[in-house]
Amino acid sequence: MPNDSISQCFVIGGSPCSGKSTLAERLSQAYSLPYYKVDDHERRHMATVDPQLHPTMAAYSKMSWDQIWSRPVDVQVEEEFAFYRERATMIQEDLLEFANHGSILLEGTAFFPDLVAEWGIQPEHALFIVPTKTFQRHHYGQRPWIKMILESCAEPDQAFANWMERDYRFGLEIIQQAQKMGYRTLIIDGTRDIDYIYSMLLEHFSLNRTK
């Protein structure tokens, strides 16, 4: 997908556990927008890693969950951005299949403000959603697959604490980048229901609010 086509995409970015996927799925269905959910492609991307081109991704592919979550949090945050930047070329190659579809919907943490700004996506076509630390920790803890990951760690409680702190700091960086680039952010704290948040999304993207 050429850069001028990417610039017409809608982006729902932000940090994990903020409701991005729920909003994107609803928006895609209501407006028949082709939907690229970056999480759905991670396993395939990891299978094609070139250590020379993707050193962070290559390193992650060899780590256990315990190794990933036991490292210093500041290192984890730095590497998360590096990981997604290494995937950017892979994502752009994926988007070639949408070259004739006009506007499409991109969703995921990989679409951070600095990156989508490089792609020429305008502020009215991007929204970055970040949960509060309390909201994030509560809802992450309810996901069954989280428990399976933590059970493989030597110190599950500390691993979870590190994980949550990494995502919290990632979210803070997302907010700072968005403010610098002129993109809108939305903080999720549980006080507004999904319908209200969806209506805010439609208004920001200047879409028909009746759907």
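Helix α2 (residues 20-31) and helix α11 (residues 194-204) have axes that come within 11 Å and cross at roughly 60 degrees, where axes are lines fitted to C-alpha atoms, for helices over the stretch in contact, and angles run from 0 to 180 degrees between N-to-C directions. The model is predicted, so that local features need pLDDT of at least 70 and side-chain atom pairs count only at pLDDT 80 or more, while totals for chains, interfaces and linings use all residues. Residues are numbered from 1 along each chain as its sequence is written, and side-chain values use heavy atoms, with hydrogens and water left out.

The angle makes α2 oblique to α11, since angles under 35 degrees count as roughly parallel, over 145 as roughly antiparallel, 65 to 115 as roughly perpendicular and the rest as oblique. In the contact (heavy atoms within 4.5 Å), T22, L23, R26, L27, A30 and Y31 of α2 meet I194, D195, I197, Y198, L201 and L202 of α11. By class, this contact has nine nonpolar, one polar and two charged residues.

After α2, in the loop that leads to β2 (35-37), stands S32, which has a positive phi of about 50 degrees although it is not a glycine. S32 has 64% relative accessibility and therefore counts as exposed, the term for over 50% relative accessible area, with buried meaning under 20% and partly exposed in between (1.4 Å probe, protein chains only). In the segment after α11 lies S206, whose phi, near 55 degrees, is likewise a positive value in a residue other than glycine; S206 counts as exposed at 63% relative accessibility.

A second helix pair is formed by α6 and α10, whose axes come within 9 Å and cross at roughly 55 degrees, which makes α6 oblique to α10. The contact involves V73, D74, Q76, V77, E80, F81 and Y84 of α6, together with N162, E165, R166, D167, R169, F170, E173, I174 and Q177 of α10. By class, it has six nonpolar, three polar and seven charged residues.

The largest nonpolar core (buried Ala, Val, Leu, Ile, Met, Phe, Trp, Tyr and Cys residues joined through side-chain atoms within 4.5 Å) has 48 residues, and those with the most contacts inside it are L106, F111 and W119. Among the elements that give two or more residues to this core are α6 (73-94) and α10 (156-181). Apart from it lies another core, of 20 residues, including L27, I197, Y198 and L202.

Note on methods
Helix = DSSP H or I, 4+ residues; strand = E, 2+ residues; numbered from the N terminus. Nonpolar A, V, L, I, M, F, W, Y, C, P; charged D, E, K, R; others polar.
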